[in-house]
Amino acid sequence: TAACKKRPGQIAFGRDISDIIYNTQDKPIKITTTSFNPSFPAEPAVKRIYTIEYNAQGNADKITKLVDNKEQSHYQLEYNSSGKLTKQSEFNANGILTSYTTVQYDNKGVLTAIVTHKENTSVEVTTAYQYADGNLIKKSIHNLYDLDSQEYFNADYSYSYFPDRKNKIKPYFQGPLGLIFISDLSKQSLQYLPDASGYQLFYAQETSFENKMLKNIEIIAHRYNTRDTANVDFSYDYDDEGFPTVQRGSYKNIIRRYVPTPFGGSAFLVTPLNKSDIRTINFSCN
């Protein structure tokens, strides 16, 4: 039923499963995700458990993450007088602060930027957001780090949507709070890098202004004095109520990397990559 899909006890996305437990206010207090690495499908699934605690105003103020039943980190969240999330601090399993993210809004309360500072570093990673017609259309990230070249680079993300298809999946977490879950489903970074993740169909959205079904993401990484360009195209099947039942993804990009050679030094490789997948989507009630 539509009511079940708006408050599912379980979301199955392909082989990946998210189980959700709610409090009496219908807010999630425990989310268990079981996910597989799409690049290595034979590997065992990774199980992540998130517990969410709320303050007196009903806002999530602490989230604890366990990976394979061991605490990996927890997040403390701070809000302004309007109930908008203003700061998100991440602590490791020993309770030591590892990074914090601050949030910027315009005068209408729309998310415009987040800035992440990692402890023991001097470089801040900044993400700026742009909107049109109620949807996120561009995101620009500055000071991402490339492990291969050991250099910082910038990246631009452009989004397009199906004009006649509303996204009916209810997001429980949006903006920086949603990024906690989005990033853990993909690249292990608050500065989310989308690849094969169908993040729009889960319980988290990057911004609260994504009211259409996502059609394409174009990612341009400005590194190695080039423009690495990736394109992700999406298409869907829907049920009679307009909820998606199948997501298809097509990914085309070029990977540029420096790799060590047997004779010392390094070689610059350019590798085109094309892949696709198809995932069914099922919502179940408790």
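In which strand is the place of His-117? In this predicted model, His-117 lies in strand E9, which covers residues 111-118.

**View 1. The protein chain as a whole.** The protein chain holds 2 helices and 18 strands, and 42% of its 286 residues count as buried. When contacts between residues at least 6 apart in sequence are considered, 41% of them join residues at least 24 apart. The chain exposes about 14500 Å², of which carbon and sulfur atoms supply 49%.

**View 2. His-117 and its surroundings in strand E9.** His-117 counts as buried because its relative accessibility is 15%, which is under the cut-off of 20%. Apart from its neighbours within four places in sequence, His-117 is in contact with Thr-98, Ser-99, Tyr-100 and Glu-124.

**View 3. Two separate nonpolar cores.** The largest nonpolar core has 24 residues, and those that touch the most other members are Tyr-157, Tyr-159, Leu-214, Ile-217 and Phe-234. At least two residues of this core come from each of E9, strand E10 (124-132), strand E11 (135-146), strand E12 (151-166), strand E15 (212-223) and strand E16 (226-238). A second core, separate from this one, has 20 residues, including Ile-11, Ile-31, Leu-77 and Phe-173. In soluble globular proteins, nonpolar side chains tend to be buried together.

**View 4. Strands E2, E3 and E4.** Strand E2 (residues 16-22) pairs with strand E3 (residues 28-35) in the antiparallel sense over 6 bridges, and in one part of this pairing Ile-17 has Thr-34 of E3 as its bridge partner. The hairpin of E2 and E3 has 5 residues between the strands, where Asp-26 takes a positive phi near 65°. E3 is also joined by 6 bridges to strand E4 (residues 46-54), and the two run antiparallel; here the bridge partner of Ile-31 is Tyr-50 in E4, while Ile-31 is also one of the residues of the second core.

**View 5. Strands E6, E7 and E8.** Strand E6 (residues 70-79) and strand E7 (residues 85-92) are paired in the antiparallel sense over 7 bridges, and Leu-77, a member of the second core, has Gln-88 of E7 as its bridge partner. In the hairpin that E6 and E7 form, 5 residues lie between the strands, and Gly-83 in the turn has a positive phi of about 85°. E7 in turn is joined to strand E8 (residues 97-105) by 5 bridges, again with an antiparallel course, and the bridge partner of Glu-90 in E8 is Ser-99, a residue that is also in contact with His-117. The hairpin of E7 and E8 has 4 residues between its strands, and Gly-95 takes a positive phi near 80°.

Note on methods. Residues are numbered from 1 along each chain as its sequence is written. This is a predicted model: local features need pLDDT of at least 70, side-chain atom pairs count only at pLDDT 80 or more; totals for chains, interfaces and linings use all residues. Side-chain values use heavy atoms; hydrogens and water are left out. Buried means under 20% relative accessible area, exposed over 50%, partly exposed in between (1.4 Å probe, protein chains only). Contact means heavy atoms within 4.5 Å. Accessible areas come from the Shrake-Rupley method with a 1.4 Å probe; for residues, only the protein chains shown count as cover. A nonpolar core is a set of buried Ala, Val, Leu, Ile, Met, Phe, Trp, Tyr and Cys residues joined through side-chain atoms within 4.5 Å. Two strands pair if DSSP finds at least two bridges between them.
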